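Trainee: Could you show me how to read the surroundings of a ligand, and after that the packing of two helices?
Mentor: Let us look at the model together and take the two topics in turn.
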Amino acid sequence: MSDQRIHPAAGAGFEAAVEHYERGRPSYPDDAVTYLVNELGIREGTDVIDLGAGTGKFTELIVLTGARMTGLEPVASMRAALERNCPTIRVVDGTAESIPAANESFDAAVAASAFHWFDGERAVPEVHRVLRPGAGLGLIWNARDQSSDWSERLTEIFDELAGPDAPRYRSGRWREAFEKRTDLFGPLHHRVAYHVHHVTPSAFLDRVLSVSYVAAASEAQRERVRSEVAELLSTDPELRDRDEIVMPYRTDVFWTRRR
Ligand SMILES: C[S@@+](CC[C@H](N)C(=O)[O-])C[C@H]1O[C@@H](n2cnc3c(N)ncnc32)[C@H](O)[C@@H]1O
């Protein structure tokens, strides 16, 4: 059943997509992670919360710093994967709009490919509440490079299921809550990094099926997506007859400081 606390496509989609997510989504590039860790002052013993931690693809990189990590994730199946992938962290059920933690509990908060799903007007004051004064908030997104013909076609295949009002990182609407609450957080700093994800044709399909809108769609719609992706894989000159496909990504990193 869909989680009423979060956006319906996220609730239904991420609940169903865990295995596709684990196989089809990339990690985050070292440059971007190191930049964020340094700017946020994350090190051994720092209390850090990862909001919308999912299966732990970003969390597990922050764990390597020795920080004391809390992974917050509202979707039960994602949370189970998070517990498996990051056995040393504290995993909690909750949302960015209602964080089960006392005031001023954390030295830093991060959200990886997740903040656009939050209700920014409620999440920004809530994140402010659980952070200590001067603490950093880091936001990071992996965005698929759409410059090749096949990547553009891939977007067409699943965009149809998202609809015009779907929350998206690329729309930039997630920034509005920060622009309205400059009393709570300082300016957003931004840096870009680039990387590639090597995938098999089967993981290429997983990448598509991990998109929340695809995972939340009807079986008939998913079958349509599967057959269109199969056709793309067998006809595109850059994809056909490949055992491995290189998917380019751009990573956007933002950070700000709690006032
Ligand atoms: C695209 S996934 C990213 C997961 C993980 N951070 C990563 O980098 O792979 C977005 C995650 O945000 C979670 N999410 C959606 N709405 C949320 C909310 N309001 N509060 C907290 N998490 C939320 C979803 O359940 C999902 O696990």
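Mentor: To sort a shell by character, Ala, Val, Leu, Ile, Met, Phe, Trp, Tyr, Cys and Pro count as nonpolar, Asp, Glu, Lys and Arg as charged, and the others, Gly among them, as polar. In this predicted model, the shell around the ligand divides into 15 nonpolar, four polar and three charged residues.
Trainee: Which of the 22 residues around the ligand come nearest?
Mentor: Those are Tyr21, Tyr28, Gly52, Glu73 and Ala112.
Trainee: Which polar backbone or side-chain atoms lie by a nitrogen atom of the ligand?
Mentor: A polar backbone atom of Gly52 is 2.8 Å from a ligand nitrogen, a polar backbone atom of Ala96 is 2.9 Å from a ligand nitrogen, and a polar side-chain atom of Glu97 lies 3.0 Å from a nitrogen of the ligand. Of the 590 Å² of accessible area that the ligand has on its own, the protein covers 99%.
Trainee: At what angle do helix H9 and helix H11 pack?
Mentor: Helix H9, residues 201–209, packs against helix H11, residues 219–235, at about 140 degrees, with the axes 11 Å apart. Angles over 145 degrees would count as roughly antiparallel, so H9 is oblique to H11, and H9 passes H11 in a right-handed crossing.

Notes. Residues are numbered from 1 along each chain as its sequence is written. This is a predicted model: local features need pLDDT of at least 70, side-chain atom pairs count only at pLDDT 80 or more; totals for chains, interfaces and linings use all residues. Side-chain values use heavy atoms; hydrogens and water are left out. A residue is near a molecule or strand if one of its heavy atoms lies within 4 Å of it. A polar contact is a pair of N or O atoms within 3.5 Å; within protein, one must be able to donate a hydrogen and the other to accept it, and residues adjacent in sequence count only if both atoms are side-chain atoms. Accessible areas come from the Shrake-Rupley method with a 1.4 Å probe; for residues, only the protein chains shown count as cover. Axes are lines fitted to C-alpha atoms, for helices over the stretch in contact, and angles run from 0 to 180 degrees between N-to-C directions. Helices (H or I, at least four residues) and strands (E, at least two) are DSSP runs, numbered from the N terminus. Angles under 35 degrees count as roughly parallel, over 145 as roughly antiparallel, 65 to 115 as roughly perpendicular and the rest as oblique. A crossing is left-handed if the near helix is turned anticlockwise from the far one by less than a right angle, and right-handed if clockwise.
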